[in-house]
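Welcome! Let us walk through this structure together, beginning with a sheet and ending with a single residue in a loop.

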Amino acid sequence: MSVQAVSRRVFLQGAVAVGAAMMLPRGVFAAGVLTACDHFALMSDVHVSGGMAGGMAKRLSVAVEQVLALPERPRGVLIAGDCAYLSGKVSDYGEYVRRIRPLVEAGIPLHMTMGNHDQRERFWEVLPGERAVANAKLRRQSMVVEGQNANWLLLDSLNKTNANAGELGKDQLEWLAAELDARAGKPAVVMLHHDPVRKGGGERGSLMDSGALMAIVRPRRQVKALFWGHTHVWDVSRDVSGIQLVNLPATGYRLWGRSFLGWVDCQVYAGNAALRVHTLDAGRQEDGWTYQLRWRA
């Protein structure tokens, strides 16, 4: 299944109701350098609350402003779950829609999956257009976003709202394997909310069926990278099989003092990807850090 961008009309209807990576010079993202690539902005853990007037929703607005200010606008924004603050209230998604509206009005498609602080039915209630592009058979917010140089497979790892652990489930894993096999000739990037493995791939993370997931992606050499959120900590490493492992930073709030808030600009080329960190905290040394991910053969 190939899912295309949600139209502005449908979206607004819902609004009513190497090692791991090589650091690169900052200039690699200069105007004129980016050619023949798939360009996405990646976010996770935006945690918007409809009942709190504080910083989390405002931080998402700042991230949206930064995306719109890029010299070359991305072909899409991918959000790896936890769109809502705590338990996925209707008011949370209403405020979330208000904060991401400028992206929609600018014609930039959004593709979103679910985290452990989301609630699917309420999400679909506020965003009925998303129900239309979700996997109806699985009743999950999972989809394929086809790019020029790589296919992105977004998985829904929400098991129980406001419980830490995640799970993909047998049916979704079978769907993933089938979709990968149907697209064996193009690199694939898998995105989900929960961390399937710890740094370097040697220990299970918060995803309960991580072993089954890794058993699918490791032998399928077209899978080049796994992206996730959940931990609120930025990290780039490499799995024992050569798959790049990228833990996205949180946009909404930090859990530990050493983490930063932000999002990632991602450029996917024929044989690699370039990532640049955009922080939301003033004066963070990580702002502008740039990495090259080299795809395994």
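Two strands are said to pair if DSSP finds at least two bridges between them. The strands themselves (E, at least two residues) and the helices (H or I, at least four) are DSSP runs, numbered from the N terminus. What you see is a predicted model, in which local features need pLDDT of at least 70, side-chain atom pairs count only at pLDDT 80 or more, and totals for chains, interfaces and linings use all residues. Residues are numbered from 1 along each chain as its sequence is written, and side-chain values use heavy atoms, with hydrogens and water left out.

Let us take the whole chain to begin with. It holds seven helices and 13 strands. Of its 297 residues, 61% count as buried, where buried means under 20% relative accessible area, exposed means over 50%, and partly exposed is in between (1.4 Å probe, protein chains only). The chain exposes about 11,400 Å², and carbon and sulfur atoms supply 51% of that area. Such areas come from the Shrake-Rupley method with a 1.4 Å probe; for residues, only the protein chains shown count as cover.

Now look for an open sheet of six strands, with the order 5-6-7-8-10-9 and mixed pairing. Strand 5 (143–146) and strand 9 (235–238) stand at its edges, each with a single partner strand, so one side of each has no neighbour in the sheet. From one strand to the next, the twist averages 20°. At one of these edges, strand 5 pairs with strand 6 (residues 151–154) in the antiparallel sense over four bridges, and Val145 stands opposite Trp152 in strand 6.

Helix 6 lies across strand 5, strand 6, strand 7 (188–191) and strand 8 (223–228), and runs at about 175° to strand 6. Here axes are lines fitted to C-alpha atoms, for helices over the stretch in contact, and angles run from 0 to 180 degrees between N-to-C directions. Helix 6 (residues 170–182) also packs with helix 7 (residues 210–217), at an angle of about 10° and with the axes 10 Å apart. That angle makes the two helices roughly parallel, a label for angles under 35 degrees. Contact means heavy atoms within 4.5 Å; Leu173, Leu176, Ala177 and Leu180 of helix 6 make it with Ala212, Leu213, Ile216 and Val217 of helix 7.

Strand 2 (residues 38–43) comes next. How many of its residues are buried? Six of its six residues are. Asp38, Phe40 and Leu42 are buried on one side, and His39, Ala41 and Met43 on the other. In a regular strand the side chains alternate between the two faces of the sheet. Strand 2 runs antiparallel to strand 11 (residues 262–268), joined by five bridges, and His39 has Gln267 as its bridge partner there. With strand 3 (residues 76–79), strand 2 runs parallel and shares four bridges; in this pair, Ala41 is matched with Val77.

Beyond strand 2, the loop leading to helix 2 contains Asp45. Is Asp45 buried or exposed? It counts as buried, because its relative accessibility is 0%. Among the residues that Asp45 touches, not counting those up to four places away in sequence, are His193, His230 and His232. Gly55 belongs to helix 2 (residues 55–68) and is partly exposed, with a relative accessible area of 32%. Although Gly55 and Tyr253 are 198 residues apart along the chain, their C-alpha atoms are separated by 8.2 Å.

Methods. Angles under 35 degrees count as roughly parallel, over 145 as roughly antiparallel, 65 to 115 as roughly perpendicular and the rest as oblique.
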